[in-house]
Amino acid sequence: MTGFDSSLPIGAAQIDGAGPRPLTTTVTSLDAIPTAAALDPGAEHGYFGELSAVLIPAQALQAKIADLAKAVAADHTFDTPPLLICVLKGAVMFLTDFARALPIPSELEFMAVTSYGSATTSSGVVRILKDLDRDITGRRVVIVEDIIDSGLTLSWLLRNLATRGPAAIDVVALLRKPEAIKVEVDVRYIGFDIPTDFVVGYGLDYSERYRDLPFVGLLGEHMYR
Ligand code: PRP
């Protein structure tokens, strides 16, 4: 894993001695910190023996969120604050940390959607469970997503929100699984490209569990096979 140095001053186009530092960090399975019997990462949160590894530690998530927030703020120097649209439930942890890391004012909206499909794959057929509470006509909106897997949810959401007349739509996604993408979506701000492993934590669930973990971990195969 590279790029965890949060001491550098700016977000998207950081210039250091080695040139611009990319905003997106690529994480591979080799970066996962395996669970040792004596150090079970889930145990502290009541999940005993359920995770096989920590993929992205809490500190690395927070450092990345600070970088993403700076990058988004640098591109949103307008009088009207951006409207952050949190896609529930998975993005709730990211939204709250991201909004607090943003060095500019923002407004918050929540939307809940679900895709029909199995527990581990999405179908692209999306249903709105909770819609926005207000009109977004003329607003600059930033969709805050926890993960882009197939891209089907985001692709649908972008089309749906575009029909409501916003001034602009940007997307900030904490995680993306490039090998799982079925629909290419134009996303400007992405935190981590991750492998297709079964990830949980920091908002991501398996049957509603693990959302409360402060890090992104790998679910032990024995938990879902
Ligand atoms: C997850 C995640 C994204 C979507 C990504 O939501 O929060 O919204 O799946 O998958 P895709 O790129 O393959 O469409 P989910 O439907 O699991 O609901 P949740 O956020 O409530 O867990």
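Me: In this predicted model, why is Lys177 counted as buried or exposed, whichever applies?
Reply: Lys177 has a relative accessibility of 7%, and the term buried is used for values under 20%, so Lys177 counts as buried.

Me: What makes up the surroundings of Lys177, and where is its place?
Reply: Lys177 lies in the loop between S10 and strand S11 (189-193), and, leaving aside residues up to four places away in sequence, it touches Ile147, Ile148, Asp149, Ile194, Pro195, Thr196, Asp197 and Val199. Ser150 is 27 residues from Lys177 in sequence, with a C-alpha to C-alpha separation of 7.7 Å in space.

Me: Why is helix H3 (residues 152-162) described as largely enclosed by the rest of the structure?
Reply: The description follows because 8 of its 11 residues are buried, and these are Leu152, Thr153, Leu154, Ser155, Trp156, Leu157, Asn160 and Leu161. Their cover includes strand S6 (83-88), strand S7 (107-115), strand S8 (126-130), strand S9 (140-148) and strand S10 (168-176).

Me: How do you know that H1 and H2 are oblique to each other?
Reply: The axes of helix H1 (residues 58-74) and helix H2 (residues 92-101) come within 8 Å and cross at roughly 55°; angles under 35 degrees would count as roughly parallel and those from 65 to 115 as roughly perpendicular, and H1 and H2 are therefore oblique.

Me: Which residues of H1 and H2 meet, and of what kinds are they?
Reply: Gln62, Ile65, Ala66, Leu68, Ala69 and Val72 in H1 meet Phe94, Asp97, Phe98 and Ala101 in H2, a set that divides into 8 nonpolar, 1 polar and 1 charged.

Technical notes:
Residues are numbered from 1 along each chain as its sequence is written. This is a predicted model: local features need pLDDT of at least 70, side-chain atom pairs count only at pLDDT 80 or more; totals for chains, interfaces and linings use all residues. Side-chain values use heavy atoms; hydrogens and water are left out. Buried means under 20% relative accessible area, exposed over 50%, partly exposed in between (1.4 Å probe, protein chains only). Helices (H or I, at least four residues) and strands (E, at least two) are DSSP runs, numbered from the N terminus. Contact means heavy atoms within 4.5 Å. Axes are lines fitted to C-alpha atoms, for helices over the stretch in contact, and angles run from 0 to 180 degrees between N-to-C directions. Angles under 35 degrees count as roughly parallel, over 145 as roughly antiparallel, 65 to 115 as roughly perpendicular and the rest as oblique. Ala, Val, Leu, Ile, Met, Phe, Trp, Tyr, Cys and Pro count as nonpolar, Asp, Glu, Lys and Arg as charged, and the others, Gly among them, as polar.
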